Amino acid sequence: MAKDGNYISAKESRRISRENRKITSEIEKKRKRKHIPESEYVTQMKDPDNCVEFDNVQTHYFTDIGTVKAVDGVSFSVPKGKTVGIVGESGCGKSVTSLSLMQLVQRPSGQTVGGEIRFDSGEKVINVVNAPEKVMRELRGNQMAMIFQEPMTSLNPVFRIGDQVDEEIALHFPKWTKEQVKARSIEMLGMVGIANKEGVYKMYPHELSGGMRQRVMIAMALSCDPKLIIADEPTTALDVTIQAQILDLLRELKSRIGSSIMLITHDLGVVAEMADLVVVMYAGRVVEKGTATEIFKDPRHPYTVGLMKSKPVVGKHVKQLYSIPGNVPNPVDMPNYCYFRDRCERCTEECKGAYPPMVKLTDTHYVSCYDI
Ligand SMILES: Nc1ncnc2c1ncn2[C@@H]1O[C@H](COP(=O)(O)OP(=O)(O)O)[C@@H](O)[C@H]1O
Ligand code: SF4
Ligand SMILES: [Mg+2]
């Protein structure tokens, strides 16, 4: 990166992009081999009670201005049947973490260059970082389901709802007849709380409200009874009442199907309501993690404390919501010191040193800060 941190010469940029091509084409070549032996991607869980284990995961974007370490050494687990909330301001690396798990990071510039993501598929444990595309397609279709923020962009406006849900179900159950598929589609629409399910089956996406479209998306995502539901800001585009209904729905479905949920949000209210465990991310790293009680009752990292202060509380009237001064740093060529330092009120002499190590407070509560 250039001296002043923002400007970069054309020559420098060309040099970086040449270097990037070298790195990414090597990774791509390895990934695109015809036969990838199972020994490279079949592994064991550290703890068999977990559904997913992120272990020192590093996902970088090789851009013309430098390497963006969007996810930089992230470790946490999603236990079976539990909900893990991932929180942090916009740009902290929450979405890239979930895209890494699905292996949907934008390639070739984006690559998971280090660490393991172990996923228990029931039969085998797969390290998705090294898994070939064929294995990933199988996992994405049948075991992991993703619910995105904006349902309108995920539904095709020119096809009826029924056709789109049918297509998804036919993909999972290729041997079913048309009638069987349709029956299942309508059953799924009912399951996500759509009262007029036969009517909605025949409608186009634009005829539905945002909340209804999100229900349709959830019905599609859940049509395969996934082991893991990844919900990335599932309620951000919805108004508060609908938001509550969608969260209720997720909770209910989770207990019915028994799946785990990875819930990504910048809204602490949502996390408080839904999560068993909480992971707080800042600039591509986990700064604190613990049970929901530990994080809400005893937050230790100044960033977590700041997030708590910025959360609206029912019955407490404030003129203006608190917001943490400053911005999340752009994770290009980050220096090796606490990334929160420039925004931290508790910064001391010690904080000028190396990036703070993760300290264990309890079996579940960890924090990466010198002042705990
Ligand atoms: N395709 C991309 N190319 C370059 N940088 C990206 C790309 N996608 C995301 N990033 C960067 O990765 C970081 C993390 O992004 P993201 O995971 O989307 O944040 P969040 O979901 O927490 O808001 C951001 O700094 C973002 O600019
Ligand atoms: S390590 Fe220091 S600068 Fe970083 S969050 Fe903790 S107290 Fe603040
Ligand atoms: Mg995001």
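Where in the chain is Ala283 found, between which strands? Select Ala283 in this predicted model and you land in the loop between strand 10 (277-282) and strand 11 (285-291). Is Ala283 buried or exposed? Ala283 counts as buried because 22 other C-beta atoms lie within 10 Å, and the cut-off for that label is 20 or more. Now add Lys69 to the selection: its C-alpha atom is 8.5 Å from that of Ala283, although the two residues are 214 apart along the chain.

**Next stop: helix 12**

Select residues 302-309, which make up helix 12. Its buried residues are Pro302, Tyr303, Thr304 and Leu307. To see what covers them, show strand 4 (83-87), helix 10 (268-274) and helix 11 (292-297), which are among the covering elements. Strand 10 and strand 11, the two strands on either side of the Ala283 loop, belong to that cover as well.

**The five-stranded sheet**

Now colour strands 1, 6, 5, 2 and 3, in that order: they form an open sheet with antiparallel pairing. At its edges are strand 1 (42-43) and strand 3, each paired on one side only. Add helix 1 (residues 10-31), which packs on this sheet and touches strand 2, strand 3 and strand 5. If you compare directions, helix 1 makes an angle of about 145° with strand 2.

For a closer look at one pairing, zoom in on strand 5 (residues 110-120) and strand 6 (residues 125-127), which run antiparallel and are joined by three bridges. Pick Asp120, and you will find that its bridge partner in strand 6 is Val125.

**Ligand 1**

Keep the sheet on screen and show ligand 1 with the 16 residues around it. Which residues come nearest? They are Tyr61, Ala70, Lys94, Ser95 and Val96. Strand 2 (50-63), strand 3 (66-79) and helix 2 (94-102) each supply at least two residues of this shell. Helix 2 has the largest share, with three residues. Colour the shell by class and you get six nonpolar, nine polar and one charged residues.

**Ligand 2**

Move on to ligand 2, which is surrounded by 13 residues. The closest are Cys338, Cys344, Cys351, Cys369 and Asp371. By class, nine residues of this shell are nonpolar, one is polar and three are charged.

**Strand 7 and its partner**

Select residues 144-147 to bring up strand 7. Side chains in a regular strand alternate between the two faces of the sheet. Here Met144 and Met146 point one way, Ala145 and Ile147 point the other way, and all are buried. Strand 7 runs parallel to strand 8, with four bridges joining them. One residue to click on is Ala145, whose bridge partner in strand 8 is Ile229.

**Last stop: the two domains**

Finally, colour the chain by its domain assignment: domain 1 covers 10-143 + 226-233 + 249-367, and domain 2 covers 148-225. Their C-alpha centres are 29 Å apart. Where they touch, nine residues come from domain 1 and 11 residues from domain 2. On the domain 1 side, helix 3 (133-142), strand 8 (228-232) and helix 9 (240-257) each supply at least two residues. Which element gives the most to that side? Helix 9 does, with three residues. That side of domain 1 has five nonpolar, two polar and two charged residues.

Conventions: Residues are numbered from 1 along each chain as its sequence is written. Chains are lettered from A and ligands numbered from 1 in the order in which they are written. This is a predicted model: local features need pLDDT of at least 70, side-chain atom pairs count only at pLDDT 80 or more; totals for chains, interfaces and linings use all residues. A residue is near a molecule or strand if its C-beta atom, placed from the backbone, lies within 6 Å of it. Ala, Val, Leu, Ile, Met, Phe, Trp, Tyr, Cys and Pro count as nonpolar, Asp, Glu, Lys and Arg as charged, and the others, Gly among them, as polar. Domain bounds come from an automatic or database domain assignment. Two residues are in contact if their C-beta atoms, placed from the backbone, lie within 7 Å. A residue is buried if 20 or more other C-beta atoms lie within 10 Å of its own, exposed if 12 or fewer, and partly exposed in between; C-beta atoms are placed from the backbone. Two strands pair if DSSP finds at least two bridges between them. Axes are lines fitted to C-alpha atoms, for helices over the stretch in contact, and angles run from 0 to 180 degrees between N-to-C directions.
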